[in-house]
Each structure stands twice: as C-alpha cells, then as structure tokens.
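Me: I've got a model open and want to talk through how it packs. Can you take my questions one at a time?

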Amino acid sequence: MADLREDVSKMRMALTFGVMGLLTVLSPAFLLAAENHHPQQITVNGKNYDWPKSPVVVVLIDGGDPAYVNDALAQGLLPNFKKLMTEGFVSVAVGAMPSFTNPNNISVITGVPPSVHGISGNFFLNPATGQEAMMDQPQFLRADSILAKFSEHGAKVAAITAKDKLAKMLAYRLQHGISFSAEKADKCTKEDNGIDNCPAYVGKPLPSAYSADLSLFVLEAGIRILEREKPDLMYLSLSDYIQHKYAPGSKEATEYYVGIDKALGRLVGLGATVALTADHGMNDKSKADGSPNIVFLQDLLDKQFGSGKTKVILPISDPYVKHHGGLGSYATIFFHQPISAPAVMNLLNKQPGVELVMNRAAFAKMFDLPADRIGDLVVVSDRGTVLGKSKATLDLSGLGGTRLRSHGGLADRNVYLIFPRPLNDKYAEIPDFPPAVKR
Ligand SMILES: [Zn+2]
C-alpha cells in the first residue's frame with residue numbers, strides 16, 4: 001500500500017499540471033491587457049492561466065511511453081527532442097487512471113482529474129440509461145475545457161486529433177476555432193471545423209486510421225495552421241497505433257519518432273513554444289509464445305457465481321480494434337444481482353496477473369475517478385497482463401498475429417513532460433511536482 005499511496009500522490013500531481021499549466025510555465029511575462037483586448041490571465045475550473053505571449057503548441061503523443069523516446073535518443077536520432085530536453089525541462093510523470101486515451105486527454109485540456117471532468121474511460125456503462133456507450137460525447141463532460149475558455153476570451157485556438165473519438169470533446173464550445181480529426185479530414189467544412197477540405201489545406205492525402213501517417217497528418221496540419229492562422233494556442237493529439245503494434249527500438253517505431261522529431265523542429269522554427277506529453281505508456285502484454293496474456297473475467301465470474309449475476313465492462317473499448325483487440329489492463333464489474341463483493345474480490349485476487357481489486361468507493365477516492373461512472377468493483381492487471389471478458393467471444397483477428405501491446409493499468413502510466421524552458425518559480429510551489437530529470 002505504501003507504494004500505491006506514493007503513486008497516487010504522483011498521479012494527482014501529474015493530473016493537476018493540465019495542458020495550460022504549461023501556459024503558466026511558459027509565459028512568465030504578463031501582457032498589457034488593454035492593448036491586446038484580452039485578459040492577462042483567465043480562470044478555468046478554479047485554476048489560473050496566463051495568456052500565452054507566443055503561440056503555445058501542446059503535442060500529446062498517444063501511447064508515448066518514455067521508452068520510445070529513450071531508445072531513439074540513444075541512437076542519436078531525435079535532435080529536436082534532445083534540444084528541448086537539454087535546454088528546457090524534462091520529467092517522467094504518471095497519468096490518470098485508467099491509463100486510457102480519453103480520460104487523460106480530457107485531464108490535459110481541463111487541468112482537473114476524472115473525478116471532476118467526468119471522463120472515466122473510452123467506454124462505460126451509462127447509469128442514466130443502463131446502456132453501454134462510448135465516452136466520446138461532450139454531454140459527458142463535467143468541467144470546462146481550457147481550450148474553449150481561451151477561445152471565449154478571444155484567443156485563436158486549434159485542436160486537432162488523430163482519431164475521431166476525441167474530436168467532439170476537443171471541439172466543444174470552441175469559439176471561431178479550428179478543430180477536426182485526421183481520420184475524418186475529408187469531411188471538414190469551414191462551418192463545422194474552421195477549414196474546408198483539410199487534406200488540400202494540409203497538403204497530404206487522407207491517411208488510413210491504421211497508420212503512422214494518421215499522426216503525422218495531425219502534426220503537418222499543426223504546421224500549416226501555425227504558418228497561416230497564427231493561433232495563440234494549439235493542441236495536437238496523436239494516435240497510438242504504432243506503439244500498440246511495435247516495440248521501442250523497432251524500425252517502424254523509430255521511423256515514427258523521427259517523423260515526430262522533424263515536425264517538432266518545424267513547429268519550433270515557426271516560433272511556437274512547444275510542449276510535449278503523452279496520455280499513457282505502453283507495455284508488452286504477451287506470453288513467451290507470443291499469444292496475449294489474458295485473464296478472462298466474465299468466464300471466471302460466471303463459472304463461480306452463475307451467468308447473469310455480473311457484467312464486465314472493458315473501458316478501453318473503442319472502434320479501433322486493430323490496435324488492441326479491446327484488451328487493456330483495467331476493467332470494471334457491475335453486480336446485476338446481490339452478490340458477495342468480498343467473495344468476488346477473493347476470486348479475482350487469486351488470479352495470476354491481477355494486481356489490484358477494489359470496490360467502487362475506495363478506487364474512486366484513491367484514483368480521483370467519478371464514482372457514479374465506474375463499476376461496483378474495479379480490477380487492474382499488471383504490466384504483462386490484460387483483462388478480457390470471455391474466451392468464446394474474443395476476436396483477435398485485427399491484431400494480425402503481432403504480440404499484444406496495450407495499457408490501462410498502473411504500470412502503463414509513465415509519460416514524459418517536456419517543456420522548452422526551465423520551469424518558472426510558480427511551479428516550485430506545487431507539492432510533488434515531478435523533479436527535473438537531467439539528461
Ligand atoms: Zn491513448
């Protein structure tokens with residue numbers, strides 16, 4: 001438990017930095033509000049953010065486990081990462097639980113944890129309807145977006161995402177901004193997205209949803225927008241397709257990071273203040289023989305307690321099955337009929353690979369989650385194990401025979417925080433802010 005408590009403290013710290021915490025870090029000088037017709041500082045979800053004095057670009061490398069950067073850096077292949085990391089600030093922080101895409105992207109753009117912003121997974125059992133649903137609609141947000149709030153005060157804001165599952169939440173309440181997903185770039189209209197015909201604007205063809213190009217398209221779009229629209233604030237969120245499929249050091253992963261590095265260099269060259277982070281890490285979750293290392297929760301529960309008594313929900317679920325086959329290291333369990341929670345916990349705690357089983361209230365408190373949007377129980381598996389429902393219904397054809405790499409658990413939370421300048425004094429006051437790592 002001591003380790004867990006330490007983790008939680010670090011997690012809270014990581015969550016509170018928020019994307020526009022970066023603004024405070026990076027904009028030490030106050031602007032003259034009267035001359036620029038905007039406030040020198042705005043408040044969002046109870047936190048204050050300075051107005052950016054140069055375009056601030058936050059790049060979220062989806063699935064950006066620090067190991068990928070470290071490997072390519074060691075080969076001398078990432079000159080722009082290296083420059084940012086040696087001249088600025090770098091640390092490894094831990095993201096929010098569950099270590100999935102939506103909860104962490106929304107933590108970054110709201111500056112508050114899931115207990116406040118409400119996004120508890122990519123997917124959940126909606127207590128309001130009793131139906132399982134994707135958590136990709138703005139109606140599920142319980143906090144303001146920093147992007148939207150800056151735009152309401154007159155900032156020019158752009159929010160570009162690789163996968164369409166984030167697009168609506170990133171665009172929510174954005175005023176006169178630019179916002180679209182690379183996945184649906186061919187559907188852009190000036191009225192809805194701020195730009196017509198995005199592929200022509202970006203100068204690249206519509207990328208496949210399953211490609212490194214999906215993310216590189218987002219970065220290229222960011223470069224075009226920076227050149228042409230001079231935004232005050234831009235959020236670029238990539239896809240973790242490459243990290244799900246390829247390990248650090250592989251040719252494909254290295255090429256992808258070299259592509260990111262080149263784009264970073266161009267963004268910096270255009271005068272942007274570029275900050276980098278990730279939503280979660282990524283780990284190999286396969287056995288020695290290459291098959292996925294899965295604990296089938298619904299099978300175990302049905303066998304022990306009878307079918308129909310419990311329902312397992314896998315909040316990693318999204319429409320992108322080729323990435324992970326719907327398997328991650330985090331699951332929630334709902335009790336449909338009265339059942340002994342200690343008996344269920346006892347059964348699951350005995351399973352090899354299960355790291356943590358907690359009830360709703362305890363887990364929500366420890367990990368800052370909205371208690372009404374998680375199950376009666378929460379299960380977390382370890383670094384090398386994923387949680388599934390039932391062996392009979394598992395479909396891994398999308399993986400194409402590669403080793404399963406995924407995330408969702410405690411061991412999958414490590415992310416880099418990279419800022420182009422050392423922190424200002426305000427951050428010295430934040431308890432437990434991750435210390436700088438010397439490189
Ligand atoms: Zn992700």
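Reply: Sure, and one convention before we start: an angle between axes under 35 degrees counts as roughly parallel, over 145 as roughly antiparallel, 65 to 115 as roughly perpendicular, and the rest as oblique. Keep in mind that this is a predicted model.

Me: With that in hand, how are α4 and α13 oriented to each other?

Reply: Helix α4 covers residues 79-87, and its axis comes within 7 Å of the α13 axis. The two cross at roughly 60°. That angle falls in none of the named ranges, so α4 and α13 are oblique to each other.

Me: Which residues of α13 make the contact with α4?

Reply: On the α4 side you'll find P79, N80 and F81. The residues of this contact split into four nonpolar, two polar and one charged. Across from α4, the α13 residues are D261, L264, G265 and V268.

Me: And how are α3 and α13 oriented to each other?

Reply: Here the axes of α3 (residues 66-74) and α13 (residues 251-269) come within 10 Å. They cross at roughly 85°, and 65 to 115 is the perpendicular range. So α3 and α13 are roughly perpendicular to each other.

Me: How many charged residues are there in the contact of α3 with α13?

Reply: From α3 come Y68, V69 and A72, while α13 supplies A253, T254, Y257 and V258. Six of the contact residues are nonpolar and one is polar. The count of charged ones is therefore simple under the rule that Asp, Glu, Lys and Arg are charged: there are no charged residues.

Me: Which helix gives the largest share of the largest nonpolar core?

Reply: That core has 89 residues, with L147 and L236 having the most contacts inside it. Setting aside neighbours within four places in sequence, L236 touches V57, V59, L60, I160, V218, L219 and G222. The largest share of the core is nine residues, from residues 212-229, which is helix α11.

Me: How many residues does the second, separate core have?

Reply: This core includes L314, I316, V380 and L410. In soluble globular proteins, nonpolar side chains tend to be buried together. The second core's count is 33 residues.

Me: Last one: which residue takes a positive phi in the hairpin of β5 and β6?

Reply: Strands β5 (residues 123-126) and β6 (residues 131-134) pair in the antiparallel sense over four bridges, and L125 has E132 as its bridge partner in β6. The hairpin has four residues between the strands. With a phi near 75°, the one you want is G130.

Notes
Residues are numbered from 1 along each chain as its sequence is written. This is a predicted model: local features need pLDDT of at least 70, side-chain atom pairs count only at pLDDT 80 or more; totals for chains, interfaces and linings use all residues. A nonpolar core is a set of buried Ala, Val, Leu, Ile, Met, Phe, Trp, Tyr and Cys residues joined through C-beta atoms within 7 Å. A residue is buried if 20 or more other C-beta atoms lie within 10 Å of its own, exposed if 12 or fewer, and partly exposed in between; C-beta atoms are placed from the backbone. Two residues are in contact if their C-beta atoms, placed from the backbone, lie within 7 Å. Axes are lines fitted to C-alpha atoms, for helices over the stretch in contact, and angles run from 0 to 180 degrees between N-to-C directions. Two strands pair if DSSP finds at least two bridges between them.
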